[in-house]
Amino acid sequence: MITHRSADLDAYACGVAIKELLERLGLSVTLVTPEGVSQPVKSFLARNSIKYLENESCDPESAIAVLVDVSTLSQVNELRDFVRGRRLVVIDHHEIHNIKPDLAVIDPSATSCSEIAALLFKEVGIEPSAETAKLLIGGILSDSGRLSRARDLTFEALAWLLRISRVDYQELVSSMITEVTFSERMARVKGLLRMRVYRVDELLVCLSNVNAYESSLADTMLRAGCDLALVASEHDEEVRMVGRSSKRLQGMLSLADLFSELAQYFNGEGGGHATAAALSVRARIDVWTLLLKALERFESMVGKKAVRVMD
Ligand SMILES: [Mn+2]
């Protein structure tokens, strides 16, 4: 069972839950979270006194690899070879790219991988442990934008999980409010300083780069008023870019399309949703080359030239 790297709450919760489900069905399962889990997961576990399941290593005897919340193989890094040689199961709420599973439980209308996991438990008539139920509630809340992207089934799953976990809902919600660390605030501020803004009619396209907290910066840029926020970052052998887009851009342009075009152009891997996407390229490309290429593809997709905004 493998989650995407530095697992977020949804990925970790989903991984733990599916592991528990498969074990209850008599299978033996190891849970691998490449590069561990992210900070919000650690604080969620601590505040709700849930024990942390240590990151295990892949058992070479495994017959099956299960990917949860992983939409492209670039998100599992060095485990690609492990995955390639095995029967593959994918459980996800993203459309998947460059993965050919033998069995797939994919539901893009679900808010989260955790919601899918909860519904699987319900369907086979097994109740998760109270701890796992708590985790799944956290996963659903965090990936649904605190339920703003929920559907009917989300509430059914939540009501069921709340009963099993016997948790106080309001306490759980307040345990999810995380203090932003100094380094994250610093990354956001540096990213804002480096930001270049372009205008197409009343749309604002904003480009920047940081080497950590890319998504946090992209979200900050959206809240500041950008319609498209693209943030590039350099890592050892790799250049990455995340994208977020506003409601105003919806219907005009899908980031999933823009990012898969860029992936093709740079020979990397990319994809995601209409309003959130990611790309990674294993090459030493200048971050601004990548960002400006993205701007150029954006211009040709909307059929208009962008004008740089200066103060
Ligand atoms: Mn997710």
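Helices and strands are taken here as DSSP runs, helices of at least four residues and strands of at least two, numbered from the N terminus. In this predicted model, Gly26 follows just after helix α1 and takes a positive phi of about 100°.

The protein is divided into domain 1, residues 2-174, and domain 2, residues 182-309, and the C-alpha centres of the two domains lie 27 Å apart. Seven residues from domain 1 and six residues from domain 2 take part in the contact between them. On the side of domain 1 that touches domain 2, one residue is nonpolar and six are polar, while no charged residues are found there.

Helix α1 comprises residues 9-24, and at 1.5 Å a residue its 16 residues should span 22 Å, which agrees with the 22 Å that separate its end C-alpha atoms. Because 12 of these 16 residues are buried, α1 is largely enclosed by the rest of the structure. The buried residues include Leu9, Tyr12, Val16 and Ile18, and also Asp10, Lys19 and Glu20. The partners against which the buried residues of α1 pack are the strands β1 (2-3), β2 (64-68) and β3 (87-92), together with the helices α2 (39-47), α4 (113-124) and α5 (130-143).

In soluble globular proteins, nonpolar side chains tend to be buried together. The largest nonpolar core of the model has 39 residues, of which Cys14, Val68, Ala117 and Leu136 touch the most other members. At least two residues of this core are supplied by each of α1, α2, β2, β3, α4, α5 and α6 (152-165), and the largest share, eight residues, comes from α1. When residues up to four places away in sequence are not counted, Leu136 touches Ala13, Ala17, Ser114, Ala117, Ala118, Pro128 and Leu161. A second core, separate from this one, has 38 residues, among them Ala187, Tyr198, Leu228 and Phe266.

Strand β10, residues 276-281, is mostly covered, with five of its six residues buried. Strand β8 (residues 238-245) runs antiparallel to β10 and is joined to it by six bridges, whereas strand β9 (residues 269-272), likewise antiparallel to β10, is joined to it by four. Ser280 of β10 is the bridge partner of Arg240 and also the bridge partner of Glu269. The connection from β9 to β10 is a hairpin that passes through three residues.

Methods: Residues numbered from 1 in each chain as written. Predicted model: local features only at pLDDT ≥ 70, side-chain atom pairs only at ≥ 80, totals over all residues. Domains from an automatic or database assignment. Contact = placed C-beta atoms within 7 Å. Nonpolar A, V, L, I, M, F, W, Y, C, P; charged D, E, K, R; others polar. Expected span 1.5 Å × (residues − 1). Buried ≥ 20, exposed ≤ 12 C-beta atoms within 10 Å, placed from the backbone. Pairing = 2+ DSSP bridges. Core = buried A, V, L, I, M, F, W, Y, C linked by C-beta atoms within 7 Å.
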